[in-house]
Amino acid sequence: MSVKRTARQPTITSQLCYKRLVADADSYDLLPTAPSDHADLHAAFATIVAKDEGYPQFPGAPLMWEDFEAYWLRSATVGCVARAKADGALAGAFTMKPNGVGRAGHVANAGYFVVDSHRGVGLGERLVLHSFEVARAHGFDAMQYNFVFADNPARRLYERLGFRVVGEVPAVIDGKPVFIYWRKL
Ligand SMILES: CC(C)(COP(=O)(O)OP(=O)(O)OC[C@H]1O[C@@H](n2cnc3c(N)ncnc32)[C@H](O)[C@@H]1OP(=O)(O)O)[C@@H](O)C(=O)NCCC(=O)NCCS
């Protein structure tokens, strides 16, 4: 039996997360997620959850560190953060893990966010595009998103970047469906 995905390769992770992303006139440093990022990541992600922007956690409840850590950090094969070159502020991030175990482990799953004040300049698109490179380097050959809300502006982005809807799961989030997106890498 062939095993397509290789084991975690931290050296690849740290090499590939270092990159300068330029979105419009703004410049961002992409870096591997480090413990010094954790508090900023938690705060930024908690804000996104509280505003009900694309993630299934309960918006009305505070997002506890333990829950964030289990969701975004602990299960990750690799994670990167984008910090604004101008002031070092956290601007965006992605986390990536296998979408399934064993023979399903060659398909990656990733989550992304861009902090509100940095949206609309193309950082989200650059994060998604760069995550393909990172995924390939980790041995993934496809990418799947399982929880894309019907009204998420990210859907246009994903479709523009070659994803297609491979499923619709009815009545998942407050009675509304979510879409499953997939593309080959
Ligand atoms: C999705 C997200 C990462 C996009 O980040 P971004 O840096 O603004 O993305 P870009 O500038 O590359 O723009 C991507 C698209 O989103 C649109 N967009 C960006 N911000 C938007 C906003 N606040 N409202 C509506 N549309 C927005 C852009 O117009 C663009 O649309 P297009 O694909 O039709 O051209 C960001 O909006 C976000 O973090 N959302 C909350 C978390 C989330 O939904 N994550 C994905 C979970 S599936």
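Biologist: Which residues have the most contacts inside the largest nonpolar core?

Modeller: This is a predicted model. Its largest nonpolar core has 33 residues. Those with the most contacts inside it are Phe45, Ala82, Ala93, Phe94, Met96, Ala108 and Leu123.

Biologist: Which elements give two or more residues to this core?

Modeller: Strands E2 (26-32), E3 (78-84), E4 (90-98) and E5 do, along with helices H2 and H4. E5 provides the largest share, six residues.

Biologist: Is there a second core, and which residues does it include?

Modeller: A separate core of eight residues includes Tyr145, Ala154, Tyr158 and Phe179.

Biologist: Back to Met96. What is Met96 in contact with, leaving aside neighbours within four places in sequence?

Modeller: Contact here means C-beta atoms within 7 Å. The partners of Met96 are Ala76, Thr77, Val78, Gly79, Ala108, Ala110, Ser131, Val134 and Ala135.

Biologist: Now H2. What span should its 13 residues have?

Modeller: Count 1.5 Å a residue, for one less than the number of residues. H2 should therefore span 18 Å, and its end C-alpha atoms are 18 Å apart, which agrees.

Biologist: Which residues of H2 are buried?

Modeller: Buried means 20 or more other C-beta atoms within 10 Å. In H2, Leu41, Ala44, Phe45 and Val49 are buried. They lie on the same side of H2, because they cover an arc of only 140° around the axis.

Biologist: What covers the buried residues of H2?

Modeller: The cover includes H3, E3, E4 and E5.

Biologist: What phi does Asp52 take, just after H2?

Modeller: Start with the general rule. Most residues other than glycine have a negative phi. Asp52 has a positive phi, near 55°. Asp52 sits in the loop between H2 (38-50) and H3 (65-74). Asp52 counts as partly exposed because it has 15 C-beta neighbours inside 10 Å.

Biologist: And Ala171: what is its phi, and where is Ala171 found?

Modeller: Ala171 is not a glycine, yet its phi is positive, about 50°. Ala171 belongs to strand E7 (residues 164-173). Ala171 has 9 C-beta neighbours inside 10 Å, so it counts as exposed.

Biologist: Last, the ligand. Which residues come nearest?

Modeller: There are 21 residues around the ligand, and Gly54, Arg119, Gly124, Glu125 and Pro153 come nearest. By type, the shell divides into eleven nonpolar, five polar and five charged residues.

Biologist: Which elements each supply at least two residues of that shell?

Modeller: They are strand E5 (107-114), helix H4 (123-137), strand E6 (142-149) and helix H5 (154-160). The largest share, four residues, comes from H5.

How values were computed
Residues are numbered from 1 along each chain as its sequence is written. This is a predicted model: local features need pLDDT of at least 70, side-chain atom pairs count only at pLDDT 80 or more; totals for chains, interfaces and linings use all residues. A residue is near a molecule or strand if its C-beta atom, placed from the backbone, lies within 6 Å of it. Ala, Val, Leu, Ile, Met, Phe, Trp, Tyr, Cys and Pro count as nonpolar, Asp, Glu, Lys and Arg as charged, and the others, Gly among them, as polar. A residue is buried if 20 or more other C-beta atoms lie within 10 Å of its own, exposed if 12 or fewer, and partly exposed in between; C-beta atoms are placed from the backbone. A nonpolar core is a set of buried Ala, Val, Leu, Ile, Met, Phe, Trp, Tyr and Cys residues joined through C-beta atoms within 7 Å. Two residues are in contact if their C-beta atoms, placed from the backbone, lie within 7 Å. The arc is that of the directions from the helix axis to the C-beta atoms.
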